[in-house]
Structures are given as C-alpha cells and as structure tokens.
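Hello,

I am handing this structure over to you. Please open it first, then read my notes underneath.

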Amino acid sequence: MRILIVDDEQTLLDQLQKGLEEQRYMVETALDGEAALDKLFETPVDLVILDIMLPGVDGLEVLRALRGEGDATPVLMLTAKGDIDDKIKGLDLGADDYLAKPFSFDELLARVRALLRRSGGQAGSVLRAGELRLDTVSREVSRGGEPLNLTAREFSILEFFLYNKNRAVSRFSLAEHVWGDAFDPFSMSNFMDVHIKNLRKKIGDADGSVIRTIRGVGYIVKDEAP
C-alpha cells in the first residue's frame, strides 16, 4: 500500500514515515500543498494523510483539487486540536476521516487500517504483472509460482515498478522513491544500474522483456510480456 503524508512539520513527517514504513507501507512525503498535488497527479496512492495548515496551498485546497478531479482516494485530515470549523470544512469537501493533533501513532495507524479496509485496500497487498507476484505485506515474491529471493533494495525497486505497472518510470523517480535524499545522481547512477541488472537476473528477465528500458526516459513494466 502506498501512502502520501503531507505536513510542513519535518520532524513529524519523518516520524510518521518511519513508523508507517516499519508497518510495510510504501510512504511518500510532501512538505507543502503544491508538492502534494504534483505527487498525487503523477503517481496514484492508496491513502493520503493531509495536514490542513500548510504553506501556500493549504490542505483544504489540496483536497478540493483532488475531489474536483473525481479522485476518491481516502483522505485522513490532520487538524489542530479543537478546531471544529476545519474539521467540518474538510468533511464537507470529501475527507474520509480526521485526527486532531497531537495524536498517538497507534491511533493514526488504526485510522489508516480502517480507511484502507473500507476502500478495499487490503486486496491490493498483492501486486502482479504477468507471472510476477509480489506481496507487500508478507514480502514474498514469485514468478510462475517459483519463489524469488530478493534483497531489500531489489524488493523496493520491483515494488515501485509494479505499483506503476503500465506506466513509464523515470530514473529520477525511481531513485527518489527507493533511495530518497541519499541518492546522488552523479556518483550513484551506475549503482542503480547494478541493482536493476541483479533484479532482472533473479526474476529471469535477462532479455529485458519484463523490466523494459525506455531510452532517455527510464523503465516500464507491463502487464504481459510482448
């Protein structure tokens, strides 16, 4: 499951990202509303955790834009304690739930699970493309029923490809999502190539027919082999 957290408090953002990733969720983050909209319209997510008080484009505007596009992705709004007006505005705009700051991580996790269950998100824990099968909860990967032993980094790369199945993925997006700020495009480009080469070898894709290279763009994994 992919979750986008939008909050301008870096410390809170880091804490929530770490906690949710430990629960096997794939987490994206944004510090402001404009960045959140860019990410939402670029890559679909299963849930948005959205703070109302954001610099520039606030959380309510993000929600309004999302619903205006007909996007029904579950949204958990984060509000200031006791701010009834913001809660009402958020719910009126289509928020699915709200949580007042400060909150416990356990409470947030319970709300996340409930929203994903309600939206049918649990069924999405298994990602598939052709004979490839990846379970984001059990962390099991197989092709044609044969289990595959991937490293944590290889798993993250394949998971990202399968989340974006049938969509072109740029090298920059892959690096950002898998390595985060630790990735240096000038010194680590060959590092990425090695990981993808090893992943292809393990999934039986020596000819590059599963993880296809798009020259000048990046990669794409399609539902069926050509």
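**Two crossing helices**

Helix H1 (residues 10-22) and helix H5 (residues 105-118) have axes that come within 11 Å and cross at roughly 60 degrees. Keep in mind that this is a predicted model. An angle of roughly 60 degrees falls outside the 65 to 115 range for roughly perpendicular, and H1 and H5 are therefore oblique to each other. Their crossing is right-handed. On the H1 side, Leu 16, Gly 19 and Leu 20 make the contact. On the H5 side, Phe 105, Leu 108 and Leu 109 do so.

**A sheet and its helix**

Next, look at the open sheet of 3 strands. Its order is E10-E12-E11, and the pairing is antiparallel. Strand E10 (169-170) and strand E11 (211-214) are the edge strands, each pairing on one side only. Between E11 and strand E12 (residues 218-221) there are 4 bridges. One residue pair to look up: Ile 211 has Val 221 in E12 as its bridge partner. Helix H6 (residues 152-163) lies across E10, E11 and E12. H6 runs at about 70 degrees to E12.

**One residue in a loop**

Last, find Thr 73. It sits in the loop between helix H3 (59-68) and strand E4 (75-80). Is Thr 73 buried or exposed? Its relative accessible area is 11%, so Thr 73 is buried; the cut-off for buried is under 20%. The side chain of Thr 73 makes a polar contact with the side chain of Asp 71, at 2.5 Å. Leaving aside residues up to four places away in sequence, Thr 73 touches Val 45, Asp 46, Leu 47, Val 48, Arg 67 and Asp 96.

Best wishes

How values were computed
Residues are numbered from 1 along each chain as its sequence is written. This is a predicted model: local features need pLDDT of at least 70, side-chain atom pairs count only at pLDDT 80 or more; totals for chains, interfaces and linings use all residues. Side-chain values use heavy atoms; hydrogens and water are left out. Buried means under 20% relative accessible area, exposed over 50%, partly exposed in between (1.4 Å probe, protein chains only). A polar contact is a pair of N or O atoms within 3.5 Å; within protein, one must be able to donate a hydrogen and the other to accept it, and residues adjacent in sequence count only if both atoms are side-chain atoms. Contact means heavy atoms within 4.5 Å. Two strands pair if DSSP finds at least two bridges between them. Axes are lines fitted to C-alpha atoms, for helices over the stretch in contact, and angles run from 0 to 180 degrees between N-to-C directions. Angles under 35 degrees count as roughly parallel, over 145 as roughly antiparallel, 65 to 115 as roughly perpendicular and the rest as oblique. A crossing is left-handed if the near helix is turned anticlockwise from the far one by less than a right angle, and right-handed if clockwise.
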